[in-house]
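Reader: Please give me a close look at one part of this model, and then follow the contacts outward from there. Keep it brisk.

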There are 2 protein chains.
Amino acid sequence: MGSNAIVGQSGGPTAVINASLAGVFSACREHGISRVYGMCNGVQGLLQERLIDLAQAFAAPEDIELLIRTPSSYLGSCRYKLPDAGKDEAVYERLFAILERYDIGYFFYIGGNDSMDTILKLSDYAQKKGSDIRFIGVPKTIDNDLAVTDHTPGYGSAAKYIAATLKELVRDSTIYDLRSVTIVEIMGRNAGWLTAAAALAEDEDCEGVAMICLPEVVFDPERFVREVERLQQHTPSLVIAVSEGIRVADGRYVCELSEDALHVDSFGHKYLGGTARYLCSLLGERINTKTRAVELSTLQRCAAHIASGTDIDEAFAAGSAAVGAALEGKTGMMVAFVRAPGEDYRCETALHDIHGIANAEKTVPLEWIDAEHYRMREPFMAYVRPLIDKELFPIFRHGVPRHLRRGQPV
Amino acid sequence: MGSNAIVGQSGGPTAVINASLAGVFSACREHGISRVYGMCNGVQGLLQERLIDLAQAFAAPEDIELLIRTPSSYLGSCRYKLPDAGKDEAVYERLFAILERYDIGYFFYIGGNDSMDTILKLSDYAQKKGSDIRFIGVPKTIDNDLAVTDHTPGYGSAAKYIAATLKELVRDSTIYDLRSVTIVEIMGRNAGWLTAAAALAEDEDCEGVAMICLPEVVFDPERFVREVERLQQHTPSLVIAVSEGIRVADGRYVCELSEDALHVDSFGHKYLGGTARYLCSLLGERINTKTRAVELSTLQRCAAHIASGTDIDEAFAAGSAAVGAALEGKTGMMVAFVRAPGEDYRCETALHDIHGIANAEKTVPLEWIDAEHYRMREPFMAYVRPLIDKELFPIFRHGVPRHLRRGQPV
């Protein structure tokens, strides 16, 4: 079988996706895999043979330390979706020919739901054709919506950014002695994991956010307006966290109620935006209050400067575990996290068959949401707290965090 | 004369306005001023006698360490503008009666242009009435637009946040192999200091932002579109920094070209927003490119978690210098920064007569802007680099930065 490894990154960025890349690379080197290639822009770049020799790219002693602190995909990413092999075999033939040419025995793909679909299709095809290349998926998504894993690398850092930022916004928004509502729009199409993390702003030194609205719960604009009115009787300045994906009873996204257009990406996902702005204008019409919409936008997925130390460690471990699995002969698997029972947080890696993982979304359990009071319940807090814990501070130069410069194809 | 001191905060928040409060408080204690009061919500709260005894509020040993890491106004703020004493003397009589009742000899006000107007009016009134209370202003504004000072406390931290964030956004926005334009909207009504700080994202490990648009330069939408087209021929993914205050040749704000309404605050300032969204829709109509608008919004003024260590030190020093000046008998003055000549950065505090400071805006010198190429020139870089230097990391608890909890009125 092939003696080299190849690794790619796919889908949206996270603050720690490069820690998984570092984990894959380091474990490969440790296990004596002679050459580790990086795909530029995932499978799309692989099809164009745009590859990086990672031993060259990470040659300097400090490179790995910088890489794990560098947000977004070091290798570049893609949203390329493989066709069904039954319908279009040519692309598979081309891909496997390239993999053979580079003597690839191990294929690692770091990504979310759509990337696991790639691992599934490639490993199924390999099995069908009798290829011994091993395909292992490494989970990554700030959305935390992958099935069968306790959580996904990337979520903890985004949650930590949201907690710290919301705490600062609560400070910022409550300084004037007047009625104001700040609505913070947070990513999450169908799963409210990120928005729920706004609950972490509450602490003995911070009153926290006043309301949290998740896509798991039908959004009732009338009840929302009444609750804001009720809360403002005691607390004139409110900060409210809403998911971009909240929907009204008839299934429409709240942002669809406004005139802002929706975009659709190449996977058919609606690209949402304008939820907070719509709610601000709704409140402005109905209540005498100042309003401000804040969209965390892409900031929340690339804020490596306040990454979770736990998240970085686990992202690295996930990459490392993928290599271990491939060397044991596993293929068509995704690395997952299993949380040990008990008060003290411990998390171990495990392997899951890739079938049934791809395209299945995990949402916030309804019993963790106090929907009536727009709050998160304690089981969620116990779940999320360890994931944002610990810090790995940036390495600064002249006041700005250093990153590892993007490598060039060989 | 009165033996106590009083200190207030006014105007919009910064990440280091509380470091100046800590500087005032610490210097007062050092010089044996028996009691230091804090005004809740500035002069507005003073008129309602909502005061905090700061010795009680900062009683725990770690309180000052937390205070200097706490963003936004610890004491609360206001946008209250004093009437002309000639037109409405009653409010002055009431204010001075309150100051006498609390045996105030020293009055410190931390704020921006509008707050210096308060110091000017109160010190003028005191002189007219023969009051010996001393009024000293401590500058604060992320906008960096105060006259007669090399820079203002708050600017360095906001600039550092912008530099770090833009560098992360450049990473985030360039991972796909496709044409995209990310437009980042940054605060600054008439002065482009904050937007110019986006130039700091460029470094040996980052290509930086592709274009910078400041309010000091007339914005030409046609030239803008052409430049984006030209740049995309070589670089498909661009990140562009624009000031919220950019205007077209006829004087209208760019955001006024869209349908988004403008708000006006109580000082008559237009409250801007939607510039990046407007430019994205303009590009979307004219060029085949994906676009995304990111508004840094209030995040940029309260991001204490990545504050500049230099900024915190200087904000503290400014508060401390105000106390020194008052004890020397000065009144009607503002603390300013004077940069020593030479390569190595050194900055000292000085005092400036408050007349001629208030309501005068300092903008980015035109010779520091390469308007044709939408770039900042080296003199600006040399000016701004030391201001974002050094770090003072947050004190974390369970993964979230700690702040000092807001005090309650006595």
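Author: B:I369 is buried, at 7% relative accessibility; buried means under 20% relative accessible area, exposed over 50%, and partly exposed in between (1.4 Å probe, protein chains only). The model is predicted, with local features needing pLDDT of at least 70, side-chain atom pairs counting only at pLDDT 80 or more, and totals for chains, interfaces and linings using all residues. Residues are numbered from 1 along each chain as its sequence is written, chains are lettered from A and ligands numbered from 1 in the order in which they are written, and side-chain values use heavy atoms, leaving out hydrogens and water.

B:I369 belongs to strand β14 (residues 369-370) of chain B. Helices (H or I, at least four residues) and strands (E, at least two) are DSSP runs, numbered from the N terminus. Contact means heavy atoms within 4.5 Å. Residues up to four places away in sequence aside, B:I369 touches B:L214, B:E216, B:V217, B:V364, B:R375, B:M376 and B:R377. B:Y176 is 193 residues from B:I369 in sequence, and their C-alpha atoms are 31 Å apart.

Now the interface. Chain A gives 68 residues to the contact and chain B gives 66. Together the two chains bury about 5,800 Å², 51% of it on carbon and sulfur atoms. Buried area is the accessible area (1.4 Å probe) that two parts lose on being put together, summed over both. Three residues, B:E168, B:R171 and B:I175, supply 13% of what chain B buries against chain A, more than any other three residues.

Polar contacts come next. A polar contact is a pair of N or O atoms within 3.5 Å; within protein, one must be able to donate a hydrogen and the other to accept it, and residues adjacent in sequence count only if both atoms are side-chain atoms. Between chain B and chain A, 37 residue pairs are in polar contact, both residues at pLDDT 80 or more. On the chain B side, the elements giving two or more residues are α7 (155-173), β11 (290-295), α11 (299-302), β16 (396-397) and β17 (400-401). Of these, α7(B) has the largest share, ten residues. By class, the chain B side has 27 nonpolar, 17 polar and 22 charged residues. Ala, Val, Leu, Ile, Met, Phe, Trp, Tyr, Cys and Pro count as nonpolar, Asp, Glu, Lys and Arg as charged, and the others, Gly among them, as polar.

Side chains of opposite charge can pair when their charged atoms come close. A salt bridge is a side-chain nitrogen of Lys or Arg within 4 Å of a carboxyl oxygen of Asp or Glu. The structure holds 48 over all chains. Ten of them cross the interface of chain B and chain A.

Take A:D177 and B:R50. Their closest N and O atoms are 3.4 Å apart. A:D177 sits in the loop between α7 and β6 (180-186) of chain A and B:R50 in the loop between α2 (42-47) and β3 (51-53) of chain B, so this salt bridge joins two chains. Both residues are partly exposed: A:D177 at 43%, B:R50 at 22%.

B:D203 pairs with A:R397 in another salt bridge, with 3.7 Å between the closest N and O atoms. This pair also joins two chains, because B:D203 lies in the loop between α8 (193-196) and β7 (211-213) of chain B, while A:R397 is in strand β16 (residues 396-397) of chain A. B:D203 is partly exposed at 22%. A:R397 is buried at 18%.

One salt bridge stays within chain B. B:R35 meets B:D53, closest N and O atoms 2.8 Å apart. The partners are 18 residues apart: B:R35 in the loop between α1 (17-30) and β2 (36-39), B:D53 in strand β3. B:R35 is partly exposed at 38%; B:D53 is buried at 7%.

Shared partners make one network of salt bridges from A:K167, A:D203, A:E204, A:D205 and B:R397. Within the network, A:E204 and B:R397 meet at 3.2 Å, N to O. A:K167 lies in helix α7 (residues 155-173) of chain A and is buried, at 0% relative accessible area. Its side chain makes a polar contact of 2.7 Å with that of A:D205. Beyond four places in sequence, A:K167 touches residues of both chains, among them A:A201, A:C206, B:V400 and B:H403.
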